[in-house]
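Thank you all for coming; I would like to walk you through one model this morning, going from a single turn out to the fold around it. Please have a look at the structure on the screen before I start.

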Amino acid sequence: MMKDDLLEIGKIVNTHGIRGEVKIQPWCDEPELFDELEYLFIEGEKYNIVRNRFHKTCQIVQLENVNSIDDAERFKNKIVYINRDALELPEGRYYIADIEGLTVKEQNGRILGVVDEIIKTGSNDVYSLKDTFNKKPVLIPVIEGVVLETNIDGGYIVVKLPKGLIDD
């Protein structure tokens, strides 16, 4: 399995209880997405999900053949992955891994920079750009009317900047 076929979906931050459950901090917009999963990958190994539930801000997951706190302990601080094709994204939604590295340009073709990071603000995401034309960080709000087109295959995003967002 190629690493590009896998997507990071969270991090195991602790054990939970004495029966081998792990506590996963989800890195996805909707934690209930875990309800659709049958298995996870941890360090390249596939683990079937026996059951899971959302608790406070984390997903509590029981993995097959992980039956004690000692079994679960070895997973602490490990990244959890899923197959890219395990889920179907709604129209207009993208994986962070696919957005990072895209070139951001204005409608007139001026290249603003490359998406370096996606910042979650709660109300909307923000694209943080590197390699910008003016060598200054640029933050682009991901909202209707600003992000006009996202073309993963073409490697670019077209935006219409709000007045005053950047100094020319």
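Let me begin at a turn: strands S3 and S4 form a hairpin with two residues between them, and in that turn Glu43 has a positive phi of about 50 degrees. When I say strand, I mean a DSSP run of E of at least two residues, numbered from the N terminus, and two strands count as paired if DSSP finds at least two bridges between them. This is a predicted model, in which local features need pLDDT of at least 70 and side-chain atom pairs count only at pLDDT 80 or more, while totals for chains, interfaces and linings use all residues. Residues are numbered from 1 along each chain as its sequence is written, and side-chain values use heavy atoms, with hydrogens and water left out.

Staying with that hairpin, S3 (residues 39-42) and S4 (residues 45-55) run antiparallel and are joined by four bridges, and Tyr39 has Asn48 in S4 as its bridge partner. S4 then pairs with S5 (residues 58-63), again in the antiparallel sense, over six bridges, one partnership being that of Ile49 with Leu63. This second hairpin also has two residues between its strands, and here Lys56 takes a positive phi near 55 degrees. On S5 there is a further antiparallel neighbour, S2, joined to S5 by three bridges, with Lys23 standing opposite Ile60.

Where does the pairing of the six strands lead? The strands make a closed barrel with antiparallel pairing, in the order S1-S2-S5-S4-S3-S6.

Turning to the interior, the largest nonpolar core has 22 residues, of which Ile9, Leu40 and Leu63 touch the most other members. By such a core I mean a set of buried Ala, Val, Leu, Ile, Met, Phe, Trp, Tyr and Cys residues joined through side-chain atoms within 4.5 Å, where buried is under 20% relative accessible area, exposed is over 50% and partly exposed lies in between, using a 1.4 Å probe and protein chains only. S1 gives the most to this core, with three residues.

Finally, the cysteines: a search of the whole structure finds zero disulfides, a disulfide being a pair of cysteine sulfur atoms within 2.5 Å. The closest cysteine sulfur to that of Cys28 belongs to Cys58 and is 11 Å away, which is too far for a bond. Cys58 itself is buried, with a relative accessible area of 6%.
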